[in-house]
Amino acid sequence: MDGVLDGRDRWLVPLSLWGSFLANDGEELLTMAPTTGLSQTHVRVGVATMGVLLAAGTVDGIRTRGRGWLYQDIQLVFGAHGFGHLAGSALMRRYTTGVATSPTVVLPQWWWATRRLRAAGVPRTARPVRAVAIVGGWLVAAHRLGYLASSRERTFREDR
């Protein structure tokens with residue numbers, strides 16, 4: 001029989017993904033608008049939209065005891081995206097949003113969750129291409145919704 005997360009790990013491992021999201025996207029919520037030029041409305045809507053996906057993945061991880069493909073796909077891409085933050089800062093040679101929590105929260109959480117899944121004998125259901133397509137598509141939608149909300153806010157202000 002293939003393994004599953006049991007006991008406290010059933011909850012802690014998937015919930016650690018949610019905690020990692022809250023830390024990293026909390027940093028982005030505070031720093032993205034001032035450091036990128038995006039409006040705060042755009043950032044708020046984008047982060048909230050990504051939060052829906054991460055919440056769904058977390059719930060899937062708890063429900064399936066770590067075996068769910070949605071949970072594992074999101075865990076894979078969210079963990080790996082921490083390297084993107086580090087690379088972006090190295091390329092820019094300065095602070096970029098999300099880089100403070102990538103080495104301190106995102107990457108350690110990914111490493112820990114991966115080890116706990118492996119130790120429990122949970123089969124690997126993540127598929128990197130599918131994972132990037134799902135999370136990447138959701139990210140595009142999050143930015144599109146953020147852009148639309150920001151545009152609507154600007155139009156509303158101009159009409160007043």
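## Exercises on pockets, helices and loops

In this predicted model, the largest pocket holds about 400 Å³ of space. The exercises below begin there and then move outward to the helices, the loops and the whole chain.

**Exercise 1. Describe the lining of the largest pocket: how many residues form it, which lie nearest its centre, and which helices supply them.**

Step 1. The lining of the largest pocket consists of 21 residues, and those nearest the centre are Asp 25, Glu 28, Met 50, His 81 and Leu 139.

Step 2. Turning to the helices, at least two lining residues come from each of α1, α2, α3 and α5; here α1 covers residues 7-36, while α2 runs over 40-63, α3 over 69-92 and α5 over 128-159.

Step 3. By class, the lining of the largest pocket comprises 12 nonpolar, 7 polar and 2 charged residues.

**Exercise 2. Do the same for the second largest pocket, and state which helix gives the largest share of its lining.**

Step 1. The volume of the second largest pocket is about 230 Å³.

Step 2. Its lining is made up of Gln 72, Gln 75, Leu 76, Trp 110, Thr 114, Leu 117, Arg 118, Val 122, Pro 123, Arg 124 and Ala 126.

Step 3. Both α3 and α4 (101-119) contribute at least two residues each to this lining, and the largest share, 4 residues, is that of α4.

Step 4. Sorted by class, the lining of the second largest pocket contains 6 nonpolar, 3 polar and 2 charged residues.

**Exercise 3. Compare the end-to-end spans of α2 and α3 with what is expected at 1.5 Å a residue.**

Step 1. The expected span of a helix is 1.5 Å times one less than its number of residues.

Step 2. Helix α2, with 24 residues, reaches 34 Å from its first C-alpha to its last, which is close to the expected 34 Å.

Step 3. Helix α3 also has 24 residues and should therefore span 34 Å, and this agrees with the 34 Å that separates its end C-alpha atoms.

Step 4. For the environment of α3, note that its buried residues are Leu 70, Tyr 71, Gln 72, Asp 73, Ile 74, Gln 75, Val 77, Phe 78, Gly 79, Gly 82, His 85 and Ser 89; Gln 72 and Gln 75 also appear in the lining of the second largest pocket.

**Exercise 4. Arg 65 and Arg 93 have a positive phi; locate each residue and decide whether it is buried, partly exposed or exposed.**

Step 1. As background, most residues other than glycine have a negative phi.

Step 2. Arg 65, which is not a glycine, has a positive phi near 60 degrees, and it is placed in the loop between α2 and α3.

Step 3. The relative accessibility of Arg 65 is 30%, so this residue counts as partly exposed.

Step 4. Arg 93 likewise is not a glycine and has a positive phi of about 60 degrees; it belongs to the loop between α3 and α4 and comes just after α3.

Step 5. Because the relative accessibility of Arg 93 is 77%, it counts as exposed, the cut-off for that class being over 50%.

**Exercise 5. Classify Gly 7 and Thr 41 as buried or exposed, and describe the surroundings of each.**

Step 1. Gly 7 is part of helix α1, and it counts as exposed because its relative accessibility is 56%.

Step 2. The C-alpha atom of Gly 7 is separated by 14 Å from that of Gly 121, a residue 114 positions away along the chain.

Step 3. Thr 41 belongs to helix α2 and, with a relative accessibility of 11%, it counts as buried, since the class requires a value under 20%.

Step 4. When neighbours within four places in sequence are left aside, the contacts of Thr 41 are with Ala 149, Ser 150 and Glu 153.

**Exercise 6. Summarise the chain as a whole: what is its pattern of elements, how far does it extend, and what percentage of its residues count as buried?**

Step 1. The protein chain has 5 helices and 0 strands, which gives the pattern α-α-α-α-α along the sequence.

Step 2. Along the principal axes, its C-alpha atoms fill a box of roughly 65 × 35 × 30 Å.

Step 3. Of its 160 residues, 41% count as buried, and the accessible surface of the chain is about 8900 Å², with 66% of this belonging to carbon and sulfur atoms.

Step 4. Among contacts with a separation of 6 or more, 79% join residues that are 24 or more positions apart.

How values were computed
Residues are numbered from 1 along each chain as its sequence is written. This is a predicted model: local features need pLDDT of at least 70, side-chain atom pairs count only at pLDDT 80 or more; totals for chains, interfaces and linings use all residues. Side-chain values use heavy atoms; hydrogens and water are left out. Buried means under 20% relative accessible area, exposed over 50%, partly exposed in between (1.4 Å probe, protein chains only). On a 1 Å grid over the protein atoms alone, a cavity is a set of points where a 1.4 Å probe fits but cannot get out, and a pocket is an open set with protein on both sides within 12 Å along at least five of seven lines; lining residues have an atom within 4 Å of a point. Grid points are joined across faces, edges and corners, and a volume is the space filled by probe spheres set on the points. Ala, Val, Leu, Ile, Met, Phe, Trp, Tyr, Cys and Pro count as nonpolar, Asp, Glu, Lys and Arg as charged, and the others, Gly among them, as polar. Contact means heavy atoms within 4.5 Å. Accessible areas come from the Shrake-Rupley method with a 1.4 Å probe; for residues, only the protein chains shown count as cover.
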